[in-house]
Amino acid sequence: MKTVYNFSAGPAVLPSSVLEKVQHELLDYEGTGMSVMELSHRSAPFQQIIDQAEALLRELLSIPENYHVLFMQGGASLQFSMVPLNLLGSDETAEYIVTGSWSGKAVKEADKVGEIRKHTPDAQTAIPSYTAKDFSGNSRYVHITSNNTIEGTRFAEYPDTGDIPLVADMSSHILSEKLDVSKFGLIYAGAQKNLGPSGVTVAIIREDLVGDAPDYCPALLNYETYVKHGSLFNTPPTFSIYVLKLVLEWVKEYGGVEGMEERNQEKAHLLYSYIDQSGLFQNHVTEANRSLMNIPFTANNDEVNARFLKEAKQAGFEFLKGHRSVGGMRASLYNAMPIEGVKALVEFMKNFEQNEVKEDQHAFN
Ligand SMILES: *Cc1c(COP(=O)(O)O)cnc(C)c1O
């Protein structure tokens with residue numbers, strides 16, 4: 001088998017031990033004689049899988065008792081609609097901090113539901129801090145994208161919103177570092193970056209925010225439906241939830257969120273510190289707001305970027321192309337990216353840079 005390092009922003013690398021376990025259990029899940037894919041979502045073995053997934057997430061994030069954990073479909077993008085549909089009336093206001101293109105998409109959906117007040121930082125390379133004074137006391141919630149997958153930024157500190165519930169799209173960094181869930185009213189995340197395969201979306205929602213959706217809200221877009229039916233109102237993405245459970249077991253085995261954070265700091269530091277002293281590559285994000293998960297960088301021009309990407313791919317470094325809206329390169333270093341992958345990438349970048357310098361000197365002579 002070809003060995004590669006997968007730096008994709010999502011769907012993203014999964015721990016190889018998880019994939020091996022999936023393979024091992026694929027035809028016969030725990031003596032049932034069937035694959036997980038073939039099990040009824042009302043069966044005891046599947047109930048156990050979803051219960052364990054919830055229990056593990058609660059344990060790993062120390063989720064307080066007064067929060068529900070929900071498993072849904074539709075990706076983080078459907079949450080862009082579900083959040084306002086559940087929490088915002090047509091004559092009410094919510095505030096959105098727009099730190100990148102995903103927040104922009106969230107605003108677009110919320111605008112269809114109620115009044116939106118936008119906070120847009122001057123640059124997409126830094127995120128200012130916000131205090132309760134920045135928000136109107138009447139607002140139903142404040143929405144943030146806590147890690148900006150495309151721009152490579154994250155909040156250095158979360159906004160202080162006073163009594164207004166803070167809602168966060170954590171799709172690209174949930175479980176990557178310690179988190180105080182009690183600071184949030186609602187957290188949501190598509191699974192395909194740090195939690196598992198695509199197809200399942202997790203929400204962690206405070207009890208008091210459930211149950212006030214308007215009557216016209218479709219059942220499947222109402223958080224209350226998922227609460228009442230233990231995320232089993234209709235058929236959930238069973239296989240994705242099963243793999244997510246295995247990923248959570250892997251996170252627990254490797255030191256939990258603290259273990260992840262320690263390794264993520266180390267991995268990100270390796271790449272940023274090389275980029276910062278490089279004469280060829282650059283990252284423009286303010287240090288305090290640098291994402292640990294998504295690291296965009298560019299060389300000095302498009303032609304060199306293209307050559308870098310081509311040679312990197314040949315050497316087994318996959319999906320390093322930056323998002324089409326920003327160009328250049330992006331390395332996503334999610335939990336499952338081994339440190340060896342980052343070390344190998346930095347080595348490759350160093351060699352590439354040295355060859356560039358040699359060629360320049362050659363051209364000059
Ligand atoms: C990937 C991503 C999304 C979109 O997720 P889908 O599951 O494709 O809808 C939304 N927000 C953030 C921050 C993301 O990284």
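In this predicted model, Phe 281 touches a varied group of residues beyond its close sequence neighbours: Tyr 274, Ile 275, Phe 297, Thr 298, Ala 299, Phe 308, Met 329, Met 349, Phe 352 and Glu 353. The residue itself belongs to the loop that links helix H7 (256-277) with strand E11 (294-297). Its place in a loop does not leave Phe 281 open to solvent: its relative accessibility is 1%, so it counts as buried. For a sense of scale, Asp 160 precedes Phe 281 by 121 residues in sequence, and the two C-alpha atoms lie 35 Å apart in space.

One of the contacts of Phe 281, Met 329, leads on to strand E13, which covers residues 329-332. Here the side chains alternate: Met 329 and Ala 331 point one way, Arg 330 and Ser 332 point the other way, and all are buried. Strand E13 runs antiparallel to E11, and 4 bridges join the two. Within this pairing, Ala 331 of E13 has Ile 295 standing opposite. Phe 297, another contact of Phe 281, falls at the end of the range 294-297 that defines strand E11.

A second antiparallel pairing brings together strand E2 and strand E10 (residues 201-206), this time over 6 bridges. Val 69 finds its bridge partner in Ile 204 of E10. Strand E2, spanning residues 67-72, is mostly covered, with 5 of its 6 residues buried.

How is Ser 240 placed, and which residues does it contact? Ser 240 is part of helix H6 (residues 238-253). Outside its neighbours within four places in sequence, Ser 240 is in contact with Pro 197, Ser 198, Gly 199 and Val 200. With a relative accessibility of 11%, under the 20% limit, Ser 240 counts as buried.

Trp 102 offers a useful companion case. This residue sits in helix H4 (residues 101-111), and it touches Ser 77, Phe 80, Thr 145, Thr 149 and Ile 150 when residues up to four places away in sequence are set aside. Of these, Ile 150 is 48 residues from Trp 102 in sequence, with 8.1 Å between the C-alpha atoms. Is Trp 102 buried, partly exposed or exposed? Its relative accessibility is 24%, and because the buried class ends at 20% and the exposed class begins over 50%, Trp 102 counts as partly exposed.

Some backbone details also deserve a look. Most residues other than glycine have a negative phi, and most peptide bonds are trans. Against that background, Leu 175 has a positive phi, near 70°. Leu 175 lies in the loop between strand E8 (166-169) and strand E9 (186-190), and its 1% relative accessibility means that it counts as buried. Ser 231 likewise has a positive phi, near 60°. The loop that holds Ser 231 runs between helix H5 (223-228) and H6, and at 5% relative accessibility Ser 231 counts as buried. Turning to the peptide bonds, the one that joins Gly 10 and Pro 11 is cis, with omega at about -10°. Pro 11 is found in the loop between strand E1 (5-6) and helix H1 (16-25).

These local features can be set within the chain as a whole. The protein chain has 9 helices and 13 strands. Its radius of gyration is 22 Å, which agrees with the value near 21 Å that a compact globule of 365 residues would have. The C-alpha trace spans about 75 × 60 × 30 Å along its principal axes. Of the 365 residues, 54% are buried. Contacts that reach far along the sequence are well represented: among those between residues at least 6 apart, 68% join residues at least 24 apart.

As for the surface, the protein chain exposes about 16900 Å², of which carbon and sulfur atoms supply 49%. Charged side chains number 31 positive and 47 negative, and the centres of the two sets lie 4 Å apart.

How values were computed. Residues are numbered from 1 along each chain as its sequence is written. This is a predicted model: local features need pLDDT of at least 70, side-chain atom pairs count only at pLDDT 80 or more; totals for chains, interfaces and linings use all residues. Side-chain values use heavy atoms; hydrogens and water are left out. The radius of gyration is taken over C-alpha atoms; the globule rule is 2.2 Å times the number of residues to the power 0.38. Buried means under 20% relative accessible area, exposed over 50%, partly exposed in between (1.4 Å probe, protein chains only). Contact means heavy atoms within 4.5 Å. Accessible areas come from the Shrake-Rupley method with a 1.4 Å probe; for residues, only the protein chains shown count as cover. Lys and Arg count as positive and Asp and Glu as negative; His and the chain ends are not counted. The place of a charge is taken as NZ of Lys, CZ of Arg, CG of Asp or CD of Glu. Two strands pair if DSSP finds at least two bridges between them.
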